[in-house]
Amino acid sequence: MEFTKDSIVNTIINSFINRSEIGQQKYNTTLDRDDLCIHDWVNHVQEELMDAILYLEKLKKETKPQKTQKTQKTQPDK
């Protein structure tokens, strides 16, 4: 579906809608739920961000670039 003239924005909007629909099917609720306190929401965000870090590390290991002078100077090997 097209919401704006910007294809990137449209892609993101459609991804959010799709994710919401999947979440509703999987968890039988929406983000309008009121059974969680702020602490619970913060925990959910922390868990999602930890997952994101793991995914990024996986991608880094799978796509190790050839080192250039610039990356050697600014990115220490870990």
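This briefing describes the overall make-up of the protein and then a few residues in and just after its helix 1.

The structure is a predicted model, and its secondary structure comes to 3 helices and 0 strands, so that the elements, read from the N terminus on, follow the order α-α-α. Of the 78 residues in the protein, 4% are buried, while the accessible surface amounts to about 7900 Å², with 57% of that area belonging to carbon and sulfur atoms.

**Asn10 and the N-terminal residues**

- Asn10 is a residue of helix 1, the helix that spans residues 7–27, and Asn10 counts as buried because its relative accessibility is 8%, which is under the 20% limit used for that class.
- With its side chain, Asn10 reaches the backbone nitrogen of Phe3 at a distance of 2.7 Å, and a polar atom of the Asn10 side chain also lies 2.8 Å from the backbone oxygen of Thr4.
- When neighbours within four places in sequence are left aside, the residues in contact with Asn10 are Met1, Glu2, Phe3 and Thr4, so both partners of these polar atoms, Phe3 and Thr4, appear in that list.

**A nonpolar patch on the surface**

- Met1 and Phe3, which are both in contact with Asn10, join Ile17 in a nonpolar patch on the surface, and the three residues together have about 330 Å² of accessible area.
- Ile17 belongs to helix 1, and Ile17 counts as partly exposed because its relative accessibility is 37%, a value that lies between the limits of 20% and 50%.

**Gln24 in helix 1**

- Gln24 has its place in helix 1, which covers residues 7–27, and Gln24 counts as partly exposed because its relative accessibility is 37%.
- Apart from residues up to four places away in sequence, Gln24 touches Thr29 and Thr30.

**Asn28 in the loop after helix 1**

- Asn28 is found in the loop between helix 1 and helix 2, the latter consisting of residues 38–62.
- The backbone of Asn28 has a positive phi of about 55 degrees, although Asn28 is not a glycine.
- Asn28 counts as exposed because its relative accessibility is 69%, which is over the 50% limit for that class, whereas Asn10 in helix 1 counts as buried at 8%.

How values were computed
Residues numbered from 1 in each chain as written. Predicted model: local features only at pLDDT ≥ 70, side-chain atom pairs only at ≥ 80, totals over all residues. Heavy atoms only, no water. Helix = DSSP H or I, 4+ residues; strand = E, 2+ residues; numbered from the N terminus. Buried < 20%, exposed > 50% of the residue type's maximum accessible area, 1.4 Å probe, protein only. Contact = heavy atoms within 4.5 Å. Areas by Shrake-Rupley, 256 points an atom, 1.4 Å probe, with all protein chains shown as cover. Polar contact = N/O pair within 3.5 Å; in protein donor to acceptor, adjacent residues only side chain to side chain. Patch = residues over 30% accessible without salt bridge, like charges linked within 9 Å, V, L, I, M, F, W, Y side chains within 5 Å. Salt bridge = Lys/Arg side-chain N within 4 Å of Asp/Glu carboxyl O.
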